[in-house]
Amino acid sequence: MDQQFLSQLEQTLSAIVQPNSAGLKEATKALQTTFYKQPQTLPALIHILQNNNDDALKQLAGVETRKLITKHWDALDAATKTQIKASLLQTAFTEPKEIIRHSSARVIAAIGNQELESGQWPDLVPSLIQAAASDDAQSRQTAVFILLSLLEDFNTALTVYIDDLLNLFSQTINDTASLETRSLSAQALNNVSALIEEQENIDSNQAAKFAGLIPSVVNVLDAVIKADDTTNAKLIYNCLNDFLLLDSQLTGNAIPDLIKLSLQIAVNDQIDEDVRVFGIQFIISALSYRKSKIIQGKLGPEITLTALRVAASEIDVEDELNNEDEAGENEENTPSLAAVRLLAFAASELPPSQVAAVISEHIPAMLQSSNPFERRAILLAISVAVGGSPDYILSQFDKIIPATITGLKDSEPIVQLAALKCVHQLTVELQDEVAKFHADYLPLIISIIDSAKFVVIYHYATVALDGLLEFISFDAIAEYLEPLMNKLFHMLESNQSSKLRCAVVSAIGSAAFASGTAFIPYFKTSVQYLEQFIQNCGQIEGMSDDDIELRAMTFENISTMARAVRSDTFAEFAEPLVNSAYEAIKTESARLRESGYAFIANLAKVYGENFAPFLATILPEIFKTLELEEYQFNFDGDEEELAALTEASEEDLQSKFTVNTGISYEKEVAAAALSELAIGTKEHFLPYVEKSLEILNKQVDESYGLRETALNTIWNVVKAVLLASKFVEETYPKGLPAASYVDDSVLMVIKNAREICIQNLVEEFETTMIITILEDFANMIKKFGAIIIMDNGDASALETLLVQVASVLKGTHACQTIDLEEDVPKDEDMDASETEATLQDVALEVLVSLSHALAGDFAKVFESLKPTVLGLFQAKSKNKRSSAVGAASELALGMKEHNPFIQEMLEALVIRLTTDKSLEVRGNAAYGVGLLCQYAPFDVSAVYEPILKALYQILNTADQKALAAEDDEATREIVDRAYSNVSGCVGRMILKHENLVPLDQTIPAILSHLPFQTGYEEYTPIFELIMKLYQENNAIITKETPRVVEIFAAIFTKENERIKLEQESTLGREENMERLRQFQTDEIKLRVVELLKFLNSNYDGIVAANAVLAPVIA
């Protein structure tokens, strides 16, 4: 060996291992450009590994040797290779220091994998197996370590040794002399499992033998935990996590046992906290990869109970109350925090019956506990469960709202803090449903703000206040507005912390959002307070993250105020603020750019087509942002070092590759702004359509976090183009279009969106993406007709859509089967998570929209899907039955009298109406039964008796709580909806066959449930019935005239409130304003007014005497 070369290499390596070495960069460059290009470096490095006196240098030599094996090993002569292999094996077994033995072992493994691929070094593995079975403990450990290092490279040449390795490790995993050998054996077995799976056909004997060794791996875990060996505990848990991904032949029935073991570890406070966290993380992984097994084994309740116990562990109170770093809190890994994360994940992955219901059951006991950590835990559990099971949590509000109020009154600050977090999360997920309790919450939260001794409590109280204000009803905010605004202005003045000011600014924006034009008196004062935070927008040098966040929040909330006070009031501030927003968009701060786009989106809502002059300056910036790369390759070396990376390992490359989620979110906000600009400016946007679609199409294909938003934005561009062509929503020709009823230029834009969605619908396996595609199709088909999915007689896209909808309803779509374990039988009736329920809902909604668009032609489409839809009526899952029954009822409305399936659908719905235990299902069935009776071309009198009996059972239950007690998931909304649907059904049946219904019992029952609280479309048959009975001078209705007038006064009051909301509420707040409409058509409203005039003239001015109705008939 060239001693001079060796000496130079040692000197160069020494410069790297010396701390604070000035020559580090030059040494690295010399290694890459000079030494590592020469084959002789390889034996020289091995010489240093074996003979140098500096352990750090030896380790570095070992690391660098492994990198050069693939590059230079084959260039060495046979004699050198033989000498190196023999000497490495000798030093690996004789070296006294373990760390150097391991370096040598890894080099042996690297050479072994190179040689084994070409059929060389045939005695390596047999000799290692022999050494691993020797009497010497250190030799056994070293041999197992080398075998593990070999297996880690996943060399398929080792497949021939699987049986030998299984036999060996079955012995060494029980090594009595060395716990390290046992751990290494468990890790090696994990790698053997990958080889077993890699074979074309899994060998059943090998699989069974491996499965039989899983208990031994568990024994190793138990031993390392008892030895307080956290490092090996983590390594064994890494193996168990890998087992979750194995074919079930290799795991047998072990997975449920591993979950139960991890639950025991998680709850055992005598075990090291890190190990308990490993156990919790394993359960989270099991929920990801073996969800079906967990649901089928009904392990959810046990997981939830354990997580609640761990979440109730004692925590560092001082740290909790002085921790203002929310991001840091999410990264902390204490058992308590990990358990809360487990509850959040379980609630999103498992059915409510297995998680949210268990949490709800434990509210009383834990909230009344003398242990403040238990009280804290149950409130945090509610706060995370609502994200995964919002509908179920809503059904439990009679328990949950009082629980949060109790928490807010708690004397322990950590419980109060948990209650504030809970209220905040409830408002995020359930919005106006929570804000209905404003009278209970607001005084408590303001009191907490006034008396807060900890910044974190002040912050979360302000955040909770913000959430309530945002969703409080338009009429309710009025009584609070003046004292609230004075309070918020005072809070801004008295706080210098940018972080706290952020929360206050957001609360001011929410107050504006809730109050609409009632905010006008406070608008200018608000701007005066806030404009200080957005001065010199382009200058961000020296600003902290919190300062930037305050500036961003100010932009966003001033634009929310613009939506509240509307264009005239905002006019004097519009141009300077748009210019400031443009400055923000041009800065280097992603957060400021994002806020600038949010500002633009809101201003587009306010000014619509008048915002067109800003398109030319704003859109190029939006396009630039949408084209930003979310994927980043982190490298700061020079070109030669970059070139050297071509030989880096896959792991090294992956470590340099990251996704910038901040850019993803910025792009999402920019896309939302693009949507608002397109819809707002309509024909002025047309010159930018082609560029917009080009960029958005690419984002659907390539983006990390923007795909769903990009799809929504594409459809919003389609909508803008349709509206620019003067197309009026829901005025399209019904039926399958033989030609196109839009211009070719418009059709081209529609077809672009259609093709992207259809392609992704077939290939996609992300559930959220499929939900987005189906939602978009459903919405657009309903508004613009069948042209969205077919044109000029080409029904290929429609056929594909129907096939995919059918697969979703059958549970066989790629997004539903991607995580299914092959050993878990498919249970069609397995209780669904709320995400899975949403997937079925949107699939059915596509059919509903098609039925309205195609009318009579829908029957041809529905023929093949009918058995699947009606089959869902029998599902054990209430959610599945309810959505299927509701959809079938809507299909009856879509097809009307052109429905050839009326008989079959009527029979199926009557069974649900008369036998189902769920009030929601019975109510939905009533809606459909009424419609089918109305449109039936044959005599339906035979079914009147059982239908009426079932309807009376609901209508005659005077006490809503008694009705809800039959079905503990029946919320007030479900009860109210059932009353509307049942009343409408009875009305339609009377209109069809008046003589078959006992009016003396029915009319008073219907009137007692008016006015409706929801489901206002069911007023139409009720109005028709009342008018018909008055025309007939029916005594049953005439004696109820005072009650009828009272009901119509309530209805017109609500209609007036709707009109006022439309005129005065914040633009875009009341997205579902149409659902509040009391009269479905102007014609029915005019006919009701005529009836009221008739009643006024025939019943002594009874209508004119009513303050609400007098102007109606004037």
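Which residues does Ser664 touch, not counting residues up to four places away in sequence? Ser664 touches Glu630, Tyr704, Gly705 and Leu706 on that count. Ser664 itself belongs to helix H37, which runs over residues 661-681. With a relative accessible area of 6%, Ser664 is buried.

## Confidence

The structure described here is a predicted model. Mean pLDDT over the chain is 89, and 93% of the residues reach 70 or more. Among the elements of the chain, helix H17 (residues 300-311) has the highest mean pLDDT, at 97. The lowest mean, 51, belongs to helix H51 (residues 960-965).

## The nonpolar core

In soluble globular proteins, nonpolar side chains tend to be buried together. The largest nonpolar core in this model holds 393 residues. Within this core, Phe570, Leu774 and Phe777 touch the most other members. Helix H32 (residues 545-585) gives the most to the core, with 18 residues.

For Leu774, the contacts can be listed. Leaving aside neighbours within four places in sequence, Leu774 is in contact with Leu761, Leu801, Val805, Val808, Leu839, Val842, Ala843 and Val846.

Another residue with listed contacts is Gln416, in helix H26 (residues 413-435). Gln416 is buried, at 18% relative accessible area, because buried means under 20%. Not counting residues up to four places away in sequence, Gln416 touches Gly407, Leu408, Asp410, Ile448 and Ile457.

## Helices H53 and H56

Helix H56 covers residues 1041-1064, 24 residues in total. At 1.5 Å a residue, H56 should span 34 Å, and the C-alpha atoms at its ends are 34 Å apart, so the two values agree. The buried residues of H56 include Val1044, Ile1047, Phe1048, Ile1051 and Phe1052. Thr1041, Glu1055 and Arg1058 are also among the buried residues of H56. An α-helix has 3.6 residues a turn, so residues three or four places apart point the same way.

Helix H53 (999-1008) has Leu999, Thr1002, Ile1003, Ala1005, Ile1006 and Leu1007 as its buried residues. These buried residues pack against helix H50 (944-955), helix H52 (972-992), H54, helix H55 (1035-1038) and H56.

The loop between H53 and helix H54 (1019-1031) contains Pro1011. A cis peptide bond joins Leu1010 to Pro1011, with omega at about 0°.

## Aromatic pairs

How many aromatic pairs does a search of the whole structure find? The search gives 23. One of them joins Phe727 and Tyr741, with 6.1 Å centre to centre and 35° between the planes, and is classed as tilted. Phe727 and Tyr741 are 14 residues apart, both in the loop between helix H39 (707-724) and helix H40 (744-763). Is each ring-bearing residue of this pair buried or exposed, or in between? Phe727 counts as buried because its relative accessibility is 13%, whereas Tyr741, at 22%, counts as partly exposed.

Ring pairs also link a cluster made up of Phe1012, Tyr1016, Tyr1019, Phe1023, Phe1048, Phe1052 and Phe1079. Of these, Phe1048 and Phe1052 appear among the buried residues of H56.

## Cysteines

A disulfide is a covalent bond between the sulfur atoms of two cysteines. A search of the whole structure finds 0 disulfides. Cys815 is in no disulfide, and the nearest cysteine sulfur, that of Cys757, is 15 Å away. Cys815 is buried at a relative accessible area of 8%. Cys422 is buried too, at 0%.

## Backbone angles

Positive phi values occur at the residues in this table, neither of them glycine.

| Residue | Phi | Place |
|---|---|---|
| Arg566 | near 75° | helix H32 |
| Ala855 | near 50° | loop between helix H44 (834-854) and helix H45 (858-862) |

Ala855 is buried, with a relative accessible area of 16%. Arg566 is found in H32, the helix that gives the most residues to the largest nonpolar core.

Key: Residues numbered from 1 in each chain as written. Predicted model: local features only at pLDDT ≥ 70, side-chain atom pairs only at ≥ 80, totals over all residues. Heavy atoms only, no water. Phe/Tyr/Trp six-rings, centres within 6.5 Å; stacked < 30°, edge-to-face > 60°. Helix = DSSP H or I, 4+ residues; strand = E, 2+ residues; numbered from the N terminus. Buried < 20%, exposed > 50% of the residue type's maximum accessible area, 1.4 Å probe, protein only. Disulfide = S-S within 2.5 Å. Core = buried A, V, L, I, M, F, W, Y, C linked by side-chain atoms within 4.5 Å. Contact = heavy atoms within 4.5 Å. Expected span 1.5 Å × (residues − 1). pLDDT = per-residue confidence, 0-100.
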